[in-house]
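Me: Please take a close look at one part of this model for me. Start with a helix, then move on to a sheet.

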Amino acid sequence: MPVYEFDLFFHPILFLSDSRFSSFCIESFIVYNFEKWVYYWQVNGLTKYIFVTGGVLSGLGKGLVTCSVGKMLEVRGYHVTAIKCDPYLNVDAGTMNPYIHGEVFVLEDGYEADMDLGTYERFLGGEFTGLNNVTSGQVYQTVVRKEREGGYLGRCVQIIPHVTDEIKRRIRLAAAKSRADVVLVECGGTVGDIEGLPFLEAFRQMRNEEKRGDTLLVHVTLVPVLEAVGEPKTKPTQHSVKELRAIGLQPDVIAARIEKGRLDKASRAKIAQYCSVEERAVFSSINVPTLYELPLELERQGMGDVVCEYLGLRDCKPDWSGWPEMVDRFKKPKDVVKIAMCGKYAELADCYVSVNEALRHAAAKAGCRVQIDWIETELFEEDLKRTGVLEGYDGVLVPGGFGQRGAEGKIIAINYCRTHDKPFLGICYGFQLATVEFARNVAGLEGAASTECVPETPHPVIDLLPEQKGLKEMGGTMRLGSNPVVLEGGSLPHRLYGSTEIRERHRHRWEVNPEYWDRLEKAGAVFPGWSKEKKLKELLWLPDRYFFLGTQFHPEFKSRPWAPSPPYYGFVKAAYDRKLRKPEPEF
Ligand code: GLN
């Protein structure tokens with residue numbers, strides 16, 4: 001604990017004279033105790049840290065290697081957590097454009113995280129919180145706030161030690177709160193990035209401060225195989241390790257991303273020699289048919305045993321029971337189900353990772369594989385006949401989204417599904433626009449719309465949540481995170497979830513306007529789920545359709561390969577059963 005906080009706490013005059021100081025002192029008392037506890041935790045050797053860095057270039061699957069290492073420890077009986085360090089200056093990923101930066105992944109506590117946290121949750125058993133994501137934005141915000149409060153008592157505030165101390169404090173806080181045996185700490189970006197330096201420096205300091213043998217550094221690099229030469233080239237790996245060493249970090253384990261085959265013995269020996277790691281600690285991170293196979297692949301190469309040995313963890317036998325069978329279900333599907341994702345082309349790529357994964361999890365359980373095609377809904381706005389393309393699909397999904405552009409096209413796609421009885425799943429914006437479509441074309445509310453698209457609509461069936469009105473700040477201000485939802489007994493969602501009380505994660509500002517509930521319900525819309533206080537409609541279901549369901553929440557965030565999300569499973573199963581011409585879906 002820094003000395004100044006101690007001084008302040010025991011300084012009665014300051015404590016009594018200034019309310020600002022008194023609250024600061026109370027806070028530091030809590031910090032003091034907590035840090036003492038963290039210290040106890042550490043000196044007793046209860047926490048081990050595995051730092052993961054990336055070299056050469058981004059997009060090498062560093063997150064997947066992190067998850068694989070975590071999984072290998074988990075199947076050996078260790079409690080594992082993972083922390084993602086993001087060197088960007090945003091406080092969280094909530095304000096970042098997902099069409100550029102990839103999906104915003106919402107955690108139980110409502111924290112809007114980098115999509116890597118989604119990968120962590122899909123591999124590792126636990127649920128994560130905002131503490132599992134440390135960004136430069138958070139770190140600098142805290143340091144600058146403390147400086148303004150006088151917390152540094154006249155000292156010059158610097159990257160080292162103040163920023164690095166704050167990074168270490170956050171890592172240790174997350175570690176202690178999770179009570180994990182092993183904490184994986186992944187640094188985003190590539191070694192050599194200016195933004196990442198304070199994080200790597202913090203890793204270096206931690207490696208020095210923690211007990212020897214309690215930390216490990218896994219470096220993920222690229223080993224290209226040049227077409228002309230046909231052999232793996234280790235030079236980029238050598239260079240990136242050199243760069244790591246220049247900032248005082250020496251890797252213990254190297255996971256080399258290789259696109260063709262695995263590293264041969266000679267390349268492993270060369271990497272070992274040049275990078276000062278053991279040959280048996282050089283692994284090949286290869287292309288796998290399904291992501292969930294990577295932990296098994298690295299286990300086969302012996303990574304789990306090497307990591308445990310290096311960290312001095314008792315050699316427990318891994319218990320992979322269930323995992324290979326699950327992977328097999330992903331790899332050996334009997335049939336294909338074609339799903340049309342209706343949205344804007346701009347939304348492609350990484351921004352619906354969780355939706356894609358949830359569909360894949362559901363398909364594996366249903367015994368098929370999903371082929372996901374993107375359909376540009378703006379084309380429907382130009383020419384209605386273009387909706388004919390949807391005929392070739394077994395199901396249509398309208399995912400979450402924001403803004404007016406493309407919304408009318410999404411409504412046209414939803415109309416096609418309702419009138420052609422095509423299995424449909426609407427997520428968040430998709431649910432809201434399905435309500436709009438129903439209002440316009442079934443309930444006869446001409447010109448009905450969401451005020452997000454048409455603020456002056458005569459029938460605002462979707463309107464801003466009361467608490468959203470008048471909000472100025474954009475970051476972290478939506479209705480976020482896990483909330484309880486009550487399901488109507490006997491309804492489709494009840495059947496899918498097998499329970500009338502569920503919890504799902506949210507991320508929205510608009511809702512079904514209570515003034516229209518009656519008119520919509522009288523016209524045949526069923527809202528078989530509501531927020532616990534009965535204030536908000538959470539689901540839309542058309543019982544006379546083969547499968548037509550919309551959810552205000554985002555069930556994809558809780559889908560796991562071993563436990564697919566119920567609405568996604570229902571949707572994919574219905575699409576598949578429809579394809580097999582079954583009279584009704586068999587859940
Ligand atoms: N734009 C809508 C809202 O804010 C839907 C958001 C979403 O799909 N995540 O309510």
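Reply: Helix α9 has these buried residues: Pro 198, Phe 199, Leu 200, Glu 201, Ala 202, Phe 203, Gln 205, Met 206 and Arg 207. Keep in mind that this is a predicted model. Two charged names, Glu 201 and Arg 207, are among the buried residues of α9. An α-helix has 3.6 residues a turn, so residues three or four places apart point the same way. Does the length of α9 fit or not fit its residue count? Helix α9 covers residues 197-209, 13 residues in all. At 1.5 Å a residue they should span 18 Å, and the end C-alpha atoms are 18 Å apart, so the two agree.

Now the sheet. Three strands form an open sheet, in the order β17-β16-β19, with antiparallel pairing. β17 and β19 (529-531) are the edge strands, and each pairs on one side only. From one strand to the next, the twist averages 40°.

Strands of a sheet pair through backbone hydrogen bonds, either parallel or antiparallel. Here β16 (residues 479-487) and β17 run antiparallel, joined by 8 bridges. Gly 481 has His 506 in β17 as its bridge partner. Asn 483 is partnered by Glu 504 of β17.

Is β17 mostly covered or mostly open? Strand β17 spans residues 501-508, and 6 of its 8 residues are buried, so mostly covered. It is also an edge strand, pairing on one side only.

Methods. Residues are numbered from 1 along each chain as its sequence is written. This is a predicted model: local features need pLDDT of at least 70, side-chain atom pairs count only at pLDDT 80 or more; totals for chains, interfaces and linings use all residues. Side-chain values use heavy atoms; hydrogens and water are left out. Helices (H or I, at least four residues) and strands (E, at least two) are DSSP runs, numbered from the N terminus. The expected span of a helix is 1.5 Å times one less than its number of residues. Buried means under 20% relative accessible area, exposed over 50%, partly exposed in between (1.4 Å probe, protein chains only). Two strands pair if DSSP finds at least two bridges between them. Axes are lines fitted to C-alpha atoms, for helices over the stretch in contact, and angles run from 0 to 180 degrees between N-to-C directions.
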